[in-house]
Amino acid sequence: ATPPRPLRPNRAAADALGAAVPSPQLDPALVAELSEAVAPPPGEAASEAALLDPVKFAFNTAIVDSVKGLIDLAYPDRPFARFYVLETVARVPYFAYLSVMHLRETWGERDASLRERMRVHYAEADNELHHLLIMESLGGNSSAVDRAVAQGLATAYYWWVVVVFAHDERAAYHLSELVEDHAYRTYDAFLASHEVELRALPVPEVARRYYEQENPFLFDLLCTIGDGEEEEAAEAAEA
């Protein structure tokens with residue numbers, strides 16, 4: 001089978017790498033490449049899903065829709081707890097991808113594109129970490145029950161993505177596309193209905209440090225996170 005194309009680099013992760021958290025271990029050329037990347041909206045990139053086996057497509061969609069329905073039911077009026085659960089789960093695919101890729105590298109694979117994708121996925125995982133830290137600072141993880149739900153979902157999802165990615169990378173990327181697209185739409189709906197109150201609230205300190213005070217109000221911060229989820233959904237669709 002033809003391997004999927006490498007993911008389109010994430011702009012939010014690239015901005016973080018190039019400005020907020022520069023690292024001497026990263027090749028400047030890679031950082032520049034990441035910074036120039038522009039991801040299309042999920043609707044445009046979703047045509048890539050047509051290349052996936054219809055059975056796998058339907059199975060992935062059923063799984064994500066079912067989990068989404070349960071989360072929506074459990075958190076109808078607790079947005080930050082809901083976002084905390086989403087961000088905990090959203091990080092998992094990158095860990096799973098890297099686990100499989102590291103194993104392949106350990107077994108002798110030396111494809112240059114493999115190393116490039118590993119670095120991109122690491123950057124994406126770091127970006128998702130800061131999304132998660134922001135939601136924790138807003139009290140999203142204040143309940144032990146919510147933490148248990150998020151961690152349980154994330155653990156199960158990790159092992160499932162590891163198995164899927166090891167056998168069919170395109171199917172694994174499609175799972176991520178669905179999760180990220182749901183996260184984007186969730187943020188977008190929340191912003192639309194709470195714009196006034198969010199514009200009046202300052203961002204948490206962890207977010208201020210990460211985004212270098214570029215987004216002075218909570219509304220703008222959540223716009224940034226939502227845009228990041230949209231881009232990651234598009235990247236997964238293009239894999």
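This report walks through the helices, buried residues, salt bridges and surface of one protein chain.

## Getting started

The model is predicted, so local features need pLDDT of at least 70 and side-chain atom pairs count only at pLDDT 80 or more, while totals for chains, interfaces and linings use all residues. Residues are numbered from 1 along each chain as its sequence is written, and side-chain values use heavy atoms, leaving out hydrogens and water.

## The overall picture

What secondary structure does the chain have? It comes to ten helices and zero strands. Here a helix is a DSSP run of H or I with at least four residues, a strand is a run of E with at least two, and both are numbered from the N terminus.

The chain has 239 residues, and 49% of them are buried. Buried means under 20% relative accessible area, exposed means over 50%, and partly exposed lies in between (1.4 Å probe, protein chains only). The accessible surface of the chain is about 11400 Å², with 59% of that belonging to carbon and sulfur atoms. Such areas come from the Shrake-Rupley method with a 1.4 Å probe, and for residues only the protein chains shown count as cover.

Contacts (heavy atoms within 4.5 Å) tell us about the fold too. Among the contacts in the chain with a separation of 6 or more, 78% are between residues 24 or more positions apart.

## Inside the fold: Tyr97, Ser176 and Thr88

Let us begin with Tyr97, which sits in helix 5. Is Tyr97 buried or exposed? Tyr97 counts as buried because its relative accessibility is 0%. Not counting residues up to four places away in sequence, Tyr97 touches His121, Val161, Phe165, Ala172, Tyr173 and Ser176. The C-alpha atoms of Tyr97 and Arg117 are 9.2 Å apart, with their positions 20 residues apart in sequence.

One of those partners, Ser176, belongs to helix 8. Its side chain makes a polar contact of 2.3 Å with the side chain of Tyr97. A polar contact is a pair of N or O atoms within 3.5 Å; within protein, one must be able to donate a hydrogen and the other to accept it, and residues adjacent in sequence count only if both atoms are side-chain atoms. Ser176 is buried as well, at 4% relative accessibility. The C-alpha atoms of Ser176 and Asn60 are separated by 9.6 Å, although the two residues are 116 residues apart along the chain.

Thr88 is found in helix 5 (residues 79-106). With a relative accessible area of 11%, Thr88 is buried. Its contacts include Leu132, Ala150 and Ala154, again leaving aside residues up to four places away in sequence.

## Charged partners

A salt bridge is a side-chain nitrogen of Lys or Arg within 4 Å of a carboxyl oxygen of Asp or Glu. By this rule there are eight salt bridges, and three of them are listed here.

| Salt bridge | Closest N to O distance |
|---|---|
| Asp146 and Arg78 | 2.3 Å |
| Glu169 and Arg104 | 2.5 Å |
| Glu169 and Arg117 | 2.8 Å |

Asp146 and Arg78 meet in a salt bridge. This pair links distant parts of the chain, 68 residues apart: Asp146 is in helix 7, and Arg78 is in the loop between helix 4 (54-74) and helix 5. Asp146 is buried at 3% relative accessibility, whereas Arg78 is partly exposed at 34%.

Glu169 forms a salt bridge with Arg104. Why does this pair tie together parts that are 65 residues apart in sequence? It does so because Glu169 lies in helix 8 and Arg104 in helix 5.

Glu169 also forms a salt bridge with Arg117. Since Arg117 lies in helix 6 (residues 112-137) and Glu169 in helix 8, the pair ties together parts that are 52 residues apart in sequence. Glu169 is buried at 10% relative accessibility, and Arg117 is buried at 8%.

Elsewhere, Lys68, Asp72 and Arg82 are linked in a network of salt bridges.

## Helix 8 from start to kink

At the start of helix 8, a side-chain oxygen of Asp168 comes within 3.1 Å of the backbone nitrogen of Arg170. Helix 8 (residues 169-199) also has a kink of about 70 degrees, centred on Ser193. The bend at a residue is the angle between axes fitted to the seven residues ending there and the seven starting there.
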